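Thank you for making time this morning. I would like to walk through one model with you, going from the loops to the helix packing and then to the interface.

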Amino acid sequence: MSAVIESDHHDHHHGPAKGLMRWVLTTNHKDIGSMYLWFSFIMFLIGGTMALIIRAELFEPGMQIVKPEFFNQMTTMHGLIMVFGAVMPAFVGLANWLIPMMVGAPDMALPRMNNWSFWILPFAFGLLLSTLFMDGGGPNFGWTFYAPLSTTYAPPSVTFFIFAVHMMGVSSIMGAINVIATILNLRAPGMTYMKMPLFVWTWLITAFLLIAVMPVLAGVVTMMLMDIHFGTSFFNAEGGGDPVLFQHVFWFFGHPEVYIMILPAFGIASAIIPTFSRKPLFGYPSMVYATASIAILSFIVWAHHMFTVGLPLAGELFFMYATMLIAVPTGVKIFNWVATMFRGSLTFETPMLFSIAFVILFTIGGFSGLMLAIAPVDFQYHDTYFVVAHFHYVLVPGAIFSIFAAAYFWLPKWTGHMYNETLGKVHFWMSFIGLNLTFFPMHFVGLAGMPRRIPDYALQFADFNQISSVGAFIFGTTQLLFLFIVIQCIRGGKKASAQVWEGADGLEWTLPSPAPYHSFAQPPVIK
Amino acid sequence: MASPQSYYVPEQSKWPIVATVGLFLTLTGLGNVLIAGQQASDTSNGWLMFTAGFGIMLYMFFGWFGTVAKESMAGLYSAQMDRSFRWGMSWFIFSEVMFFAAFFGALFYTRYLGVPWLAGEGDGAPNVLLWPEFKAAWPLMSNPNPETFPGPNATIDPWHIPLINTFLLLASSVTVTIAHHAVKKDHRTQVVIWLAATIILGAIFLGFQVHEYQVAYNELNLTLKSGIYGTTFFLLTGFHGMHVTLGAIILTVVLIRYSRGHFSSKQHFGFEAASWYWHFVDVVWLGLFFAVYVL
């Protein structure tokens, strides 16, 4: 028996296998993390191209470039790909790379399942994208796929859409189980829960949310499948069902889902802001409790997406006040980040720029969220560009900026080289300007009544839409610069030290840069 | 045994990619079958893909679990690894709970809100203009549009087969627990007897369930197409039945592995995971018995 252990022990010290099969068969958390991140970036470019098609069409009123049917497919696929293909896999990729290093573990708890979680994704999105070339086109019912648009009136390819969602769900649930098992079970001796880095904490809570709601998403698409193919009447009022039931089940998944896309971002900001302020994070315990509160509240606010469907008055009031409650823990977080920077020795490297922009712009998105939470005025805002502006302000400078920040912050640790700081700053400023040009005018056209998901609009909205479209192309093309910076950083550059950043604190910075293939063969002891 | 410091990180493995290809072919094949069926065209290509995918999945399950069993018996798994498996299984069961919660939620929503609103209760007055004849009731025997969705003639009496089924599953929970205690004491014959009893109870349950479905379809006109009552009834009991089937298969595998000496009185997580799953299936049934049949 000891022979087995010895060979196993030996295996820990050799490097990665060679060739393509290294990536297909790997059980290494860093390989899998890299694959997640690259996959996410490819999806980001595909989903972004779709967004640019939308913005090109909306540059002028009238129908110019695409047919309305195709426009609908673009809005739908843009949303699905960005949510499930870009943002979520990027955070899982970061979790894979960072959590074992941050908690002092050799790898993820269940490495083979980890690989399975990843490899499902390219197949699921291959299937989803292939629907665009099928008879009747791809999904055209919006990323929220409300019944009966997605059942009675859907193109035949909706069946493949359903199975693609099932596959994404399987992937997410297994990924989340892996994250939870790693955090609960593989922490180094002495790392108590309240000593865990906030990125680990936020991911622990995110993983819980994923396991709680991805099965509900699987449930709702299964109900659609049954309605479409087996004659059930979940969403058909003729048989005693209710299309509004779809929205309830969907948003019971959907609202925690939006926190799934933002909680890890909170963790990233909570790592970067203290580093470049050269101060410990202000109010660590309150950050943990705020994250947990946001997660718990996320289960009782779902119908604020449905104020206009005809809820009973008691429902409108309950969901309105419950939603507003979320502003309290979120405000705690914003306060803590600002207090961390207060009287710190601040420097403004690219990750810090992205993080500060995250705090400011995410707050704007949060405030427009509060406006939308007010049920009586939501009747005015519902399904307008104001909603589009709101969730793009929380997702682009929220989720996506935090992912960029994380990439710049940890790239030296991953590659062993510093990235080009000047180009990084150019990337930041171009993205910052592009995104505000794109999304800020949407508030105005939305308040003025421009409906979302429509390929044409009234002449009065033309000026703001042209600004949005110009901004979108600036933002979109800038991301190619990010690709260049990353590739340049992988191929060479100034050597990075182990700590990389002067103010960096945490177990991952005790490892050499680039981090060894197996993180901690022997767990470090935390005092 | 492995030292507590060395957490076992497996080498490269082909099983994840095999599993992915299997899952992809199964679902894409099924999608092709369903779409071809919808358009009344040839389904054979879809079935071929589905069968191939399913075969690959089976091969994967044998291979992957076989590898894990071998590693476990080689003593590669520390107590810490064991805890990872426990967390993994617990959270997997939690995800299953949430899957059922979606369907229970749909049942409660339609029953207590959707159907009464359809009949014009609350703020839903305009609905009366659509189907003025419609009356809210549960079980819903007459649907808003009886032409497209003819309602059932009768529903299943909870105090016959469903009650027997309740006792069967409760008894099976007891037998699997007795088997677990026997595993811990290494009473090998007892384990085999009580585990086999559990599987037989599960099989009888499934037999009754099939019979109940036949009665529902042939005599009561209670089908998937008989409106929201049939919809929620078959989806909830059907998914539960699939879980019982899976649970029984898992217990059978565990029984075979036990008789081959894979489990010791100290280390038998495979057995425990199967019994957790079985208890979960039981608890879901209790919820079903009350929410679907009795109330």
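Before I point to the first loop, let me say that a helix here is a DSSP run of H or I with at least four residues, and that helices are numbered from the N terminus. Please also keep in mind that what you see is a predicted model.

With that wording in place, look at chain B, where B:Pro139 sits in the loop that runs between helix H4 (127–130) and helix H5 (161–185). The peptide bond that joins B:Trp138 to this proline is cis, and its omega is about 0°. Chain B as a whole has 8 helices and 0 strands, so to speak a plain pattern of α-α-α-α-α-α-α-α when it is read along the sequence. The C-alpha trace of chain B spans about 75 × 45 × 35 Å along its principal axes.

Chain A also has a cis peptide bond, from A:Ala147 to A:Pro148, with omega near 5°, and A:Pro148 lies in the loop between helix H5 (111–130) and helix H6 (158–185) of that chain. I mention these bonds with some care, since most peptide bonds are trans and most residues other than glycine have a negative phi. On that second point, A:Arg278 has a positive phi, near 55°, and is not a glycine; this arginine is found in the loop between helix H9 (263–277) and H10 of chain A.

That loop leads us to the helix packing in chain A. Two packed helices are described by the angle between their axes and the distance between the axes. How, then, do H7 and H10 of chain A cross? The axes of H7 (residues 198–229) and H10 (residues 284–297) come within 10 Å and cross at roughly 15°, and because angles under 35 degrees count as roughly parallel, H7(A) is roughly parallel to H10(A). The crossing of these two helices is right-handed. On the side of H7(A) the contact is made by A:Leu198, A:Trp201, A:Thr202, A:Ile205 and A:Leu209, and on the side of H10(A) by residues including A:Tyr284, A:Met287 and A:Val288. By class, the residues of this contact are 9 nonpolar, 2 polar and no charged.

H7(A) also packs with H8 (residues 243–260) of chain A, where the axes come within 9 Å and cross at roughly 150°, which makes H7(A) roughly antiparallel to H8(A). This crossing is left-handed. Among the residues that meet are A:Leu210, A:Val213 and A:Leu217 in H7(A), and A:Phe246, A:Phe250 and A:Phe253 in H8(A). The contact of H7(A) with H8(A) divides into 16 nonpolar residues, 1 polar and 1 charged.

Let me finish with the interface between the chains, in which 77 residues of chain A are in contact with 74 residues of chain B. The area buried between chain A and chain B is about 6,400 Å², and carbon and sulfur atoms give 73% of it. Which residues of chain A lose the most area to chain B? They are A:Arg112, A:Trp116 and A:Glu238, and together they account for 13% of what that side buries. The rule finds 1 salt bridge across this interface: A:Arg112 pairs with B:Glu71, and their closest N and O atoms are 2.8 Å apart.

Key: Residues numbered from 1 in each chain as written. Chains lettered and ligands numbered in written order. Predicted model: local features only at pLDDT ≥ 70, side-chain atom pairs only at ≥ 80, totals over all residues. Heavy atoms only, no water. Axes fitted to C-alpha atoms, helices over the stretch in contact; angles between N-to-C directions. Parallel < 35°, antiparallel > 145°, perpendicular 65-115°, else oblique. Left-handed = near helix turned anticlockwise from the far one by under 90°. Contact = heavy atoms within 4.5 Å. Nonpolar A, V, L, I, M, F, W, Y, C, P; charged D, E, K, R; others polar. Buried area = accessible area lost by both parts, 1.4 Å probe. Salt bridge = Lys/Arg side-chain N within 4 Å of Asp/Glu carboxyl O.
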